[in-house]
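Q: I have a model open and I'd like to learn how to read it feature by feature. Can you walk me through it?

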Amino acid sequence: EPFGVHIWNKNTNFLNMETEIKNYSNSVETIEFVSKLNNENGVAVFRLSDTIVLQPGETKIIKQTSPEIKNPYLWTTERPYLYQLASVIKRNGVTTDEITTPYGIRSVSWPVFRNDGDNTFKLNGKPVFLNGVCEYEHMFGQSHAFSEEQIKARVEQIKNAGFNAFRDAHQPHHLSYQNYWDQYGI
């Protein structure tokens, strides 16, 4: 389903995935659902496979937990390492649907959730000073109908100005922003 792949990690050695799939046909479908994580060089880190039976019109959420990922590369603001999770639907051994989701493995620790007297935000156990900007996605005469090139240029300006955090301001932003935030370490 659109926006149906959700990935998160509670610690940096295991990923949790929930993927929403739907049978849009008028017949029972038996599919193989595959989740495959590759590193940034395209090398497989793990592959999970489940056989799923879907009734006509049925929607299911497939829950999976990865095997242990030993020594994962962690996403940081200086080195925004992104793995690629391929979510694949196969029918009779043939791929009929696939989407790839970039994901940065990291741990985040907010002081409000800790009782250690340390008031710093921590990323992967290290203090990070959050220096953020509010992006309004407005340009005189254009409002928020930005092209892909304009979005990328704005994110590059934000990064080059020394910012490492972002806040949506007043309205949802173009979905391409999120890809650039992840890629640029924001």
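A: Sure, and let's begin with a definition: a residue is buried if its relative accessible area is under 20%, exposed if that area is over 50%, and partly exposed in between. Keep in mind that this is a predicted model.

Q: Let's try that out on Val 155: is it buried or exposed?
A: Val 155 has a relative accessible area of 0%, so it counts as buried. You'll find Val 155 in helix H1.

Q: Which residues does Val 155 touch, leaving out those up to four places away in sequence?
A: Contact here means heavy atoms within 4.5 Å. By that test Val 155 touches Tyr 177, Tyr 180, Trp 181, Tyr 184 and Ile 186, with residues up to four places away in sequence left out.

Q: Some of those names sit in helix H2, residues 176-184. Which residues of H2 are buried?
A: A general idea helps with helices: an α-helix has 3.6 residues a turn, so residues three or four places apart point the same way. In H2, the buried ones are Ser 176, Tyr 177, Tyr 180, Trp 181 and Asp 182.

Q: And what covers the buried residues of H2?
A: The cover includes strand E11 (132-135), H1 and E12. Right after H2 comes Gly 185, with a positive phi near 75 degrees.

Q: What should I make of phi values in general?
A: Most residues other than glycine have a negative phi, and most peptide bonds are trans. Here Phe 3 is a non-glycine residue with a positive phi, near 60 degrees. Asn 71, not a glycine either, has a positive phi of about 50 degrees.

Q: Where do Phe 3 and Asn 71 sit?
A: Phe 3 is in the segment before strand E1 (5-8). With a relative accessible area of 68%, Phe 3 is exposed. Asn 71 belongs to the loop between strand E5 (59-65) and strand E6 (83-91). Asn 71 is exposed as well, at a relative accessible area of 72%.

Q: Now the strands. How do E1 and E2 pair?
A: A general point to carry along: in a regular strand the side chains alternate between the two faces of the sheet. E1 and strand E2 (residues 16-22) pair in the antiparallel sense, over four bridges. Within that pairing, Val 5 stands opposite Thr 19 in E2.

Q: How many bridges join E2 and E5?
A: Seven bridges, again with the strands in the antiparallel sense. Look for Met 17, which stands opposite Gln 64 in E5.

Q: Can we do a loop residue too? Where does Asn 164 lie?
A: Asn 164 lies in the loop between helix H1 (148-160) and strand E12 (165-168). Its relative accessibility is 13%, so Asn 164 counts as buried.

Q: What does the side chain of Asn 164 reach?
A: When you look for polar contacts, search for pairs of N or O atoms within 3.5 Å. The side chain of Asn 164 reaches the backbone oxygen of Phe 129 at 2.9 Å. A polar atom of that side chain also lies 2.8 Å from the backbone nitrogen of Asn 131.

Q: Which other residues does Asn 164 touch?
A: Leaving out residues up to four places away in sequence, Asn 164 touches Phe 129 and Asn 131, along with Thr 77, Val 128, Leu 130, Gly 185 and Ile 186. For a longer span, take Phe 33: Asn 164 is 131 residues from it in sequence and 36 Å from it in space, C-alpha to C-alpha.

Q: Let's zoom out. What is the secondary structure of the whole protein?
A: There are two helices and twelve strands. Along the sequence they run β-β-β-β-β-β-β-β-β-β-β-α-β-α.

Q: And how much of the protein is buried?
A: Of its 186 residues, 37% count as buried. The exposed surface is about 11300 Å², with 52% of it supplied by carbon and sulfur atoms. As for contacts between residues at least 6 apart in sequence, 56% join residues at least 24 apart.

Q: Last one: how far apart are the mean positions of the positive and negative charges?
A: They are 5 Å apart, taken over 18 positive and 21 negative charges.

Technical notes
Residues are numbered from 1 along each chain as its sequence is written. This is a predicted model: local features need pLDDT of at least 70, side-chain atom pairs count only at pLDDT 80 or more; totals for chains, interfaces and linings use all residues. Side-chain values use heavy atoms; hydrogens and water are left out. Buried means under 20% relative accessible area, exposed over 50%, partly exposed in between (1.4 Å probe, protein chains only). A polar contact is a pair of N or O atoms within 3.5 Å; within protein, one must be able to donate a hydrogen and the other to accept it, and residues adjacent in sequence count only if both atoms are side-chain atoms. Accessible areas come from the Shrake-Rupley method with a 1.4 Å probe; for residues, only the protein chains shown count as cover. Lys and Arg count as positive and Asp and Glu as negative; His and the chain ends are not counted. The place of a charge is taken as NZ of Lys, CZ of Arg, CG of Asp or CD of Glu. Two strands pair if DSSP finds at least two bridges between them.
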